[in-house]
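Student: I'd like to learn how to read rings, holes and pockets in a structure. Can you walk me through one?

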Amino acid sequence: MAASVWKRCVTAAVKVKCLSPSFSARRWLLSAAYTDTKVWEAREKDPQNLAVLATTMDRTYDRNLPVSSLTVSRFVDNISSREEVDQAEYYLYKFRHSPNCWYLRDWTIHSWIRQCLKYGAREKALHTLKNKVQYGIFPDDFTFNLFIDSYVKDGDFKSACSVVEEVMLQEAFDLPSTQILSLYALGSFLATRPQLTVSEERALGASLLICGLKQDNTVGLSAQLLGNALLGKVEMLKGIHAVFKGMPLFWSHGYLGRALAVMERVAAASGDVKLSKDTLDYINGLLQELSSTSDSDSSGEESAGEEEKKEDIVDEDDQAEQAKLPQYVSRFKELSSQLESQGKLDPASFQALVTTLAQQNLAAAEKPDLEQYKSRVQAWESENRQLIQREKEMREKAEQEKQKRLAARAAAQQA
């Protein structure tokens with residue numbers, strides 16, 4: 001059922017591409033000005049020999065002394081090949097597990113992602129992002145946008161959604177551009193009719209919900225509806241703890257109820273806001289799937305081992321929520337009929353809606369991002385110069401102290 005629903009999404013998406021040849025010909029979304037490297041490359045250069053830097057860092061770590069964030073920054077900035085990307089990954093890991101781990105600079109993270117994209121090591125950037133605790137890679141909004149766009153450009157929507165998941169985990173949907181890019185990636189991935197695991201449904205549901213909350217329109221409300229429904233499915237199958245563990249989500253039961261609350265809000269709204277019809281079709285299939293699963297469970301067809309495993313996961317409160325499924329199904333049918341009679345179901349697919357949103361709003365959303373990025377790079381350069389000056393002063397001070405010690409030792413020997 002769910003597969004047939006998303007097949008209609010794909011058909012609708014093909015129609016959109018036929019109507020918008022200029023957009024389909026350029027599958028990435030960000031403008032050339034946004035992805036241009038001129039601002040970044042115009043920074044003051046600090047050429048370094050990576051072999052010397054690597055030797056210095058190795059000796060410093062061998063002596064159980066901390067390596068400075070400036071040294072790591074220089075190493076990343078001076079990457080010039082794919083092999084050096086692998087070396088930089090090692091030193092990012094070492095730095096993260098050193099006493100100075102909290103001082104990895106924001107511009108170093110930005111430079112790391114840019115270098116990975118430049119030298120064909122995008123999977124390495126994604127690996128360090130997914131394992132951010134081990135590498136300290138917590139990008140800013142602009143960096144996230146570049147990363148998502150690089151995957152969208154190649155039509156790799158699954159990997160783009162992996163980046164969106166990290167945006168969700170950092171709750172970094174502040175920029176309208178990030179919201180639009182994320183919704184486009186999510187909608188495009190779902191339109192491919194993927195076979196999702198429970199963990200993937202949870203990640204997609206949370207991403208759709210949290211990002212959708214930032215958009216008070218048909219796209220945002222449809223994303224909230226779909227996100228709550230996917231999380232509700234996980235809750236029904238695995239219990240509430242499987243939903244919110246490690247996620248910035250509400251801890252209370254009732255995600256399917258929250259999905260219905262979105263429908264009720266749209267039904268009661270007086271404006272032009274609607275819900276995507278194919279989203280409701282998908283949720284209808286999802287509820288039917290849950291109902292059939294519930295019926296098979298109640299028929300006693302599960303083995304004793306499966307029942308025991310299920311009891312370990314689902315507690316009494318979860319079972320009480322599962323018992324509400326027939327009510328949710330009945331209420332969903334009522335609200336679907338009400339929305340249809342009110343003309344509040346948009347016939348366009350969810351992917352078509354996010355595509356239109358990107359076409360209409362992304363260009364305007366880029367302008368403040370670019371202005372903020374230029375200011376941020378200037379601030380980074382200023383802070384970097386301060387660090388270089390401080391390093392120079394500390395070396396001079398260390399040299400003076402060394403000369404004093406040598407002079408004192410020489411005087412003591414003469415005496």
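Tutor: Sure, we'll take aromatic pairs, then charges over rings, then empty space, then one serine. This is a predicted model, where local features need pLDDT of at least 70, side-chain atom pairs count only at pLDDT 80 or more, and totals for chains, interfaces and linings use all residues. Residues are numbered from 1 along each chain as its sequence is written, and side-chain values use heavy atoms, with hydrogens and water left out.

Student: How many aromatic pairs does a search of the whole structure find?

Tutor: The rule first: rings of Phe, Tyr and Trp (its six-membered ring) pair if their centres lie within 6.5 Å; planes under 30 degrees apart count as stacked, over 60 as edge-to-face and the rest as tilted. Searching the whole structure that way gives 9 aromatic pairs. Take Phe-142 and Tyr-373: their ring centres are 4.0 Å apart and their planes at 5°, so this pair is stacked.

Student: Where do Phe-142 and Tyr-373 lie?

Tutor: Helices here are DSSP runs (H or I, at least four residues), numbered from the N terminus. Phe-142 belongs to helix α11 (residues 141–153) and Tyr-373 to helix α22 (residues 350–414), so the pair ties together parts that are 231 residues apart in sequence. Tyr-34 joins in as well, forming one aromatic cluster with Phe-142 and Tyr-373.

Student: Are Phe-142 and Tyr-373 buried or exposed?

Tutor: Buried means under 20% relative accessible area, exposed over 50%, and partly exposed in between (1.4 Å probe, protein chains only). Phe-142 and Tyr-373 are both buried.

Student: Which residues form an edge-to-face pair?

Tutor: Phe-157 and Tyr-184 do, at 6.3 Å centre to centre with 70° between the planes. Phe-157 sits in helix α12 (residues 157–169) and Tyr-184 in helix α13 (residues 176–190), so to speak distant parts of the chain, 27 residues apart. Both Phe-157 and Tyr-184 are buried.

Student: Which charged end sits over the ring of Trp-102?

Tutor: A charge sits over a ring if NZ of Lys or CZ of Arg is within 6 Å of the ring centre and within 35 degrees of the ring normal. For Trp-102 the charged end belongs to Arg-96, 5.8 Å from the ring centre. Arg-43 likewise lies over the face of Trp-40, at 3.5 Å from the ring centre.

Student: Now the empty space. How many cavities of 30 Å³ or more does the count come to?

Tutor: Rolling a probe the size of a water molecule over the atoms shows where empty space is left. On a 1 Å grid over the protein atoms alone, a cavity is a set of points where a 1.4 Å probe fits but cannot get out; a pocket is an open set with protein on both sides within 12 Å along at least five of seven lines; and lining residues have an atom within 4 Å of a point. Points are joined across faces, edges and corners, and a volume is the space filled by probe spheres set on them. The count comes to 2 cavities of 30 Å³ or more.

Student: What lines the largest cavity?

Tutor: Leu-256, Ala-259, Leu-260, Ile-283, Leu-287, Tyr-328 and Phe-332 line this space of about 40 Å³. α17 (255–268) gives the most, with 3 residues. For classes, Ala, Val, Leu, Ile, Met, Phe, Trp, Tyr, Cys and Pro count as nonpolar, Asp, Glu, Lys and Arg as charged, and the others, Gly among them, as polar. This lining has 7 nonpolar, no polar and no charged residues.

Student: And what lines the second largest cavity?

Tutor: Phe-142 and Tyr-373 turn up again, with Leu-175, Asp-369, Gln-372 and Arg-376. The volume is about 30 Å³, and α22 supplies the largest share of the lining, 4 residues.

Student: How many residues line the largest pocket?

Tutor: There are 37, of which Thr-37, Trp-40, Glu-41, Arg-114 and Gln-115 lie nearest its centre. About 890 Å³ of space lies in this pocket, and its lining divides into 13 nonpolar, 9 polar and 15 charged residues.

Student: Last one: which residues does Ser-188 touch?

Tutor: Contact means heavy atoms within 4.5 Å. Leaving out residues up to four places away in sequence, Ser-188 touches Phe-157 and Gln-351. Ser-188 is found in helix α13 and is buried, with a relative accessible area of 1%.

How values were computed:
Helices (H or I, at least four residues) and strands (E, at least two) are DSSP runs, numbered from the N terminus.
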